There are 2 protein chains.
Amino acid sequence: MNTSEYILDKVAPIFNRQGYVGTSLSDITNATGLTKGAIYCNFSNKEDLALKAFRLNVSLAITPLFKLVAVTEGSLNKLYAITNYQRSYYDLVKDRGGCPMLRVSVDAKFNNPLLFETAQNLSSKFTLGLTNIIKDGILNNEIRPDIDAVKNAKIILSQIEGSSLLSFIHNDPDFIISTMDFIDFTIIESFKKVKI
Amino acid sequence: MNTSEYILDKVAPIFNRQGYVGTSLSDITNATGLTKGAIYCNFSNKEDLALKAFRLNVSLAITPLFKLVAVTEGSLNKLYAITNYQRSYYDLVKDRGGCPMLRVSVDAKFNNPLLFETAQNLSSKFTLGLTNIIKDGILNNEIRPDIDAVKNAKIILSQIEGSSLLSFIHNDPDFIISTMDFIDFTIIESFKKVKI
DNA sequence: TTAATCACATACCGATCGGTATTTATTACT
DNA sequence: AGTAATAAATACCGATCGGTATGTGATTAA
């Protein structure tokens, strides 16, 4: 691990907990044990560091889910893989300040366009991914053809992000657990074709 | 409207858009046209101002919903009143920076315990309110007795907050609309007793 | 009429902000 | 061994931060 990676490793959770404006250069030098000279030798400025820290947080919290979905066969199985991944999401991110996409979306919308756009794109990718899973399921006769893929993708992602937020607010993973159970037993169940 | 109210009126949307640390005293003096002397004559410090600004944001965005629910008769009607209120929520808060409960929860958790606790209590009140609506519905024979009130309250609130966030991220009120339709036609519908 | 009070403005405080120029130590190459 | 390149430390910059002490003009009460 080189110095840049070391800095990101130490700093990424801080950015996610305290936000972009809430994290100062002295927070960063304290956490790394390095000086400002070292920081600015490895990153062009604070925004550059924040952006790469966000990418690291995403690669730890969300990218594994995308990879898991990619290697899972079948639309219904992909959906179950998502809810299953989310069940352990609270433990995964609780010490890092919760869901990075959520944090940056709220934090950066009105004062860091570049950072916000990155989070926005990630959210779009998530929505589109869900939509395509459902559409593919319809094409492959796994999912009823009368299911609205876009609508249901929006509903499911809303539940994922909302339950993540509320578990985070109340230190209660049951918001996620209950919501994922609901997605499994009610939403995904309603996707299934009636057996003849 | 006295000076304190005038300041809060001007400053509350800024706090909600930029967050607590993201809003400086000069932002405040610029927005109000007043000087620091006037601000500190009306509020003891920045945290005091932020807390009261949060309360104002809540009183404009969320309190009306609580009042609407209070004057609505019947558990199912109360639930429909909530989803109906949410349908116009995006327009209600879009210029003010989104849902204040969501904003402060994310923003204040690790650097402003007092502010965070206020948001946390509000969220608890919301969860408890939903739970009691469902419980009352069961007692009054409006809702099936096998419905888990706490679980469903958590699920519904997750959907409300999550869809609000995503509409806010994508400037697309349809996240809220689709999710509220889903709550109406699937969740609340499943609460209803089967007609004999 | 004058003294006290009040609300806000002005002027100032030390601390910290993000960022940079310079110096120093280490490594790599010839 | 000597030199160039690199990486981090040091020292410093102006601007801004939240907060306060003092000044001032209007209002009120005696």
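How many residues does the contact take from chain B, and how many from chain A? To follow this tour, please note that the model is predicted.

**Stop 1: the contact between the chains**

Select chains A and B together. The contact takes 34 residues from chain B and 34 residues from chain A. On the chain B side, five helices each supply at least two residues: α1 (3-18), α8 (100-108), α9 (113-139), α10 (149-170) and α11 (174-191). Of these, α10(B) provides the largest share, with 14 residues. Sorted by class, the side of chain B that touches chain A has 12 nonpolar, 15 polar and seven charged residues.

**Stop 2: helix α10 of chain B**

Next, select α10(B), residues 149-170 of chain B. This helix has 22 residues, and the distance from its first C-alpha to its last is 32 Å, close to the 32 Å expected at 1.5 Å a residue. Is α10(B) mostly covered or mostly uncovered? Mostly covered is correct, as 18 of its 22 residues are buried. Now select the residue that follows the helix, B:Asn171, whose phi is positive, near 50°.

**Stop 3: the axis between the copies**

Display chains A and B once more, and consider how one relates to the other. A turn of 180° and a shift of 0.0 Å along the axis lay chain B on chain A with an RMSD of 0.0 Å. That is the relation of a two-fold axis. In chain B, which residue has the C-alpha nearest the axis? Select B:Gly162, whose C-alpha is 1.8 Å from the axis. The interface itself may also be compared between the copies: 100% of the interface residues of chain B are also interface residues in chain A, so the copies meet through the same surface.

**Stop 4: DNA strand C**

Select DNA strand C and the residues around it. There are 16 such residues, and those that come nearest are A:Ser24, A:Leu25, B:Thr3, B:Gly37 and B:Ala38. The elements giving two or more residues to this surface are α2 (25-32) and α3 (36-42) of chain A, together with α3 (36-42) of chain B. Which element gives the largest share of the surface near DNA strand C? The element to select is α3(B), with five residues. The residues of this surface divide into five nonpolar, eight polar and three charged.

**Stop 5: DNA strand D**

Move to DNA strand D. Of the 16 residues around this strand, A:Thr3, A:Gly37, A:Ala38, B:Ser24 and B:Leu25 come nearest. Two or more residues are given by each of α3 of chain A, α2 (25-32) of chain B and α3 of chain B. Here the largest share, five residues, comes from α3(A). The surface near DNA strand D has five nonpolar, eight polar and three charged residues.

**Stop 6: an annotated region of chain A**

Select residues 1-61 of chain A. An unreviewed UniProt entry lists these residues as "domain: HTH tetR-type". Over this range the chain is 77% helix and 0% strand, and the end C-alpha atoms are 20 Å apart.

**Stop 7: the start of chain B**

Finally, select B:Met1, which lies in the segment before α1 of chain B. Is B:Met1 buried or exposed? B:Met1 has 7 other C-beta atoms within 10 Å, and a residue with 12 or fewer counts as exposed; B:Met1 is therefore exposed. To end the tour, add B:Val106 to the selection. The two residues are 105 residues apart along the chain, and their C-alpha atoms are separated by 31 Å.

Note on methods:
Residues numbered from 1 in each chain as written. Chains lettered and ligands numbered in written order. Predicted model: local features only at pLDDT ≥ 70, side-chain atom pairs only at ≥ 80, totals over all residues. Contact = placed C-beta atoms within 7 Å. Helix = DSSP H or I, 4+ residues; strand = E, 2+ residues; numbered from the N terminus. Nonpolar A, V, L, I, M, F, W, Y, C, P; charged D, E, K, R; others polar. Expected span 1.5 Å × (residues − 1). Buried ≥ 20, exposed ≤ 12 C-beta atoms within 10 Å, placed from the backbone. Near = placed C-beta within 6 Å. Least-squares fit on C-alpha atoms with pLDDT ≥ 70 in both. UniProt positions renumbered as here; feature names shortened; annotations may be inferred.
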